[in-house]
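Here are some exercises to work through with the model open beside you. Try each task before reading its solution.

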Amino acid sequence: MAKRWRLGEASSLADIGCGLCHWSRLLYPYLRAPARFAGVDREARWVTEAAGSFRRLFPQVPPGLLTVVQGDATSIPLPNDSFDVVTCQTVLMHLARPADALREMLRILRPGGLLVCVEPNNLWNYLAFTSLTAMEPVEVLVRRFEFWLRYHRGKAAAGQGDHTIGDLLPGAFVVAGLSDIAVHLSDRAAALFPPYDTPAQQALVQHGRQWKDSAIGPWDREELRQHVLEGGGTEELFARTFGELIEAFDREQQAIAAGTFHAAFGGITYLVSGRKA
């Protein structure tokens, strides 16, 4: 991707919604040195931790070229036309008004500069077949699809973002006036298959159990119920499908323990780029 984006021609990078800068730390070494970097995040904790980790990872870079500040993606505290590359990763999906963030990122991008947004269609994550679901009744699969589609629609209606936004990004880039628009797919897959002995697979198994035990993320019952109803679902759809999801999770854990569960678990993540006129 660095070659496709010609990152070697750029000498400044801004990462919006940077978190701990996992994404921008991958991109930064490909820039023309000495490169200037700015990270922006709305959470003070990430600003402090990201600044420290970035400086530890790139100690050779003059301190004046590295900046991490607190700010919102829809009101970025950086100057106009000031960066060769502006990027965000899995940020637009959480915003009620992603178009506002796109306009702000374009504002700080230099003419001819590159905008890169990495966003998913997370609805697919709930629909991928596994060794347990591949032959489930069609009625069960259709009900599960409706459940998660209602959930995503309800979440968007509540102003909590659109987790399928990656599908719509190329069109949003057109509306924003970008040129040289290119769309690529991440080739990463989080496959799980016996004997589950790699660190990545062990982490996947552990993470799934932690989510379930702590009732967060996809296991926050009340949040799920609220968004399914806001998305036009019924109480009966929610109660029935949520019960089926718990049963399916238990079967999955039993199959993992028995060494029979497997799934490719390839997600859909888009890398969309374009240049400012």
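**Exercise 1: A strand and its partners**

In this predicted model, Leu-114 faces Arg-275 of strand S7 across a strand pairing.

Task: Find how many bridges join S5 to S7, and in which direction the two strands run.

Solution. Start with strand S5, residues 109–120: seven bridges join S5 to S7, and the two run antiparallel. Next take strand S6, residues 179–185, which is also antiparallel to S7 and is joined to S7 by five bridges. In that pairing, Ala-182 stands opposite Ser-273. Finish with burial: six of the seven residues of S7 (269–275) are buried, leaving the strand mostly covered.

**Exercise 2: Checking a helix**

Task: Work out what span the 24 residues of helix H9 should have, and compare this with the separation of the end C-alpha atoms.

Solution. First, the expected span is 1.5 Å times one less than the number of residues. For H9, residues 235–258, this gives 34 Å. The end C-alpha atoms are 35 Å apart, which agrees. Then look at the buried residues of H9, among them Leu-237, Phe-238, Leu-245 and Ile-256. The buried residues of H9 pack against helices H5 (138–157), H7 (199–214) and H8 (221–230). Lastly, step past the helix to Gly-259, which has a positive phi near 75 degrees.

**Exercise 3: Classifying ring pairs**

Task: Decide what kind of pair Tyr-28 and Phe-37 form, then do likewise for Phe-261 and Phe-265.

Solution. Planes under 30 degrees apart count as stacked, over 60 as edge-to-face and the rest as tilted. The model has 14 aromatic pairs. For Tyr-28 and Phe-37, the centres are 6.4 Å apart and the planes meet at 85 degrees, so the pair is edge-to-face. Both of these residues are buried. For Phe-261 and Phe-265, the centres are 6.3 Å apart and the planes are at 35 degrees, so this pair is tilted. Phe-261 is buried, at 0% relative accessible area, whereas Phe-265 is partly exposed at 26%.

**Exercise 4: Charges over rings**

Task: Which ring does the charged end of Lys-212 sit over?

Solution. The charged end of Lys-212 is placed over the ring of Trp-219, 5.5 Å from its centre. Trp-219 also belongs to a cluster linked by ring pairs, whose members include Tyr-126, Trp-148 and Phe-242. For a second case, turn to Arg-36, which lies over the face of Phe-83 at 4.5 Å from the ring centre.

Conventions: Residues are numbered from 1 along each chain as its sequence is written. This is a predicted model: local features need pLDDT of at least 70, side-chain atom pairs count only at pLDDT 80 or more; totals for chains, interfaces and linings use all residues. Side-chain values use heavy atoms; hydrogens and water are left out. Helices (H or I, at least four residues) and strands (E, at least two) are DSSP runs, numbered from the N terminus. Buried means under 20% relative accessible area, exposed over 50%, partly exposed in between (1.4 Å probe, protein chains only). Contact means heavy atoms within 4.5 Å. Two strands pair if DSSP finds at least two bridges between them. Rings of Phe, Tyr and Trp (its six-membered ring) pair if their centres lie within 6.5 Å; planes under 30 degrees apart count as stacked, over 60 as edge-to-face and the rest as tilted. A charge sits over a ring if NZ of Lys or CZ of Arg is within 6 Å of the ring centre and within 35 degrees of the ring normal.
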